[in-house]
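Work through the following exercises with the model open beside the text, and try each task before reading its solution.

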Amino acid sequence: MGTVTEQAVMVLDNTRRNTFETCPKKYYWEFKLDLRTSRGSSPLRFGSCVHDGLEAYYEYVMEHDWEPREPAVQAGVLAINDCWERESKGFEYVDDFRSRDTAIETLQTYITHYEDESGYMKILAPEIPFKVSVPMDGR
């Protein structure tokens, strides 16, 4: 059997894994053919943007330390804004309580709730995707 090339390595995240597990045809349409519906999911957009905000916050802390905290918070807010623009482009959404402002408020509430974590926690990495070698010839 030949060696697995770099092109044969797939970065697999939970969204792709879960989509394939739920419906292989949907996985094929979304991730192979890049087909999507015109209606976006408000819960997914909200969750993705809060996730991006938290990731940016902890990346800033990891690189610059915990104090001063405000630049880390601003990095998180900027990431939420960038995500909101990216996720909203080309989709229609139902307006509900999951707004950009609520996402930013969620980030700020989280940071306030866990403000003492700087005394006992060292950030090693906000998130590390795992890689799975997948033979592309079907073996």
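**Exercise 1. The end of a helix**

Which residue just after α2 takes a positive phi?

Solution. In this predicted model, the residue to pick out is Asp34, which follows just after α2 and has a positive phi of about 55°. Stepping back into α2 itself, one finds that Tyr27, Glu30 and Phe31 are buried. Viewed down the helix axis, these buried residues fall within an arc of 80°, so they line one face of α2.

**Exercise 2. The overall layout**

Determine how many helices and strands the chain has, and in what order its elements run.

Solution. Counting the elements gives five helices and two strands. Read from the N terminus on, their order is β-α-α-α-α-α-β. As a next step, consider burial and contacts: of the 139 residues in the chain, 25% are buried, and among contacts with a separation of 6 or more, 74% are between residues 24 or more positions apart.

**Exercise 3. Two sides of α5**

Check the length of helix α5 against the expected span, and then work out how its buried and exposed residues are placed around the axis.

Solution. Begin with the length: α5 holds 14 residues, 100-113, and at 1.5 Å a residue it should span 20 Å, which agrees with the 20 Å between its end C-alpha atoms. Next, list the buried residues of α5, taking buried to mean under 20% relative accessible area: they are Ala103, Ile104, Leu107 and Ile111. Because these four cover an arc of only 100° around the axis, they lie on the same side of α5. The spacing can be rationalised from helix geometry, since an α-helix has 3.6 residues a turn and residues three or four places apart therefore point the same way. On the other side of α5, Asp101, Glu105 and His113 are exposed. Finally, look for the partners of the buried side, and α3 and α4 are found to pack against the buried residues of α5.

**Exercise 4. The largest pocket**

What is the volume of the largest pocket, and which residues and elements line it?

Solution. The largest pocket contains about 1,100 Å³ of space. Its lining has 31 residues, of which Thr15, Phe31, Leu44, Ser48 and Glu87 are the closest to the centre. The elements that contribute two or more residues to this lining are α1 (14-22), α2 (24-32), α3 (42-64) and α4 (70-88), with α3 giving the most, six residues. Sorting the lining by chemical character, as a last step, gives ten nonpolar, ten polar and eleven charged residues.

Methods:
Residues numbered from 1 in each chain as written. Predicted model: local features only at pLDDT ≥ 70, side-chain atom pairs only at ≥ 80, totals over all residues. Heavy atoms only, no water. 1 Å grid on protein atoms, 1.4 Å probe; cavity = no way out; pocket = protein on both sides within 12 Å on 5 of 7 lines; lining within 4 Å. Points joined across faces, edges and corners; volume = space filled by probe spheres on them. Nonpolar A, V, L, I, M, F, W, Y, C, P; charged D, E, K, R; others polar. Expected span 1.5 Å × (residues − 1). Buried < 20%, exposed > 50% of the residue type's maximum accessible area, 1.4 Å probe, protein only. Arc of directions from axis to C-beta. Contact = heavy atoms within 4.5 Å.
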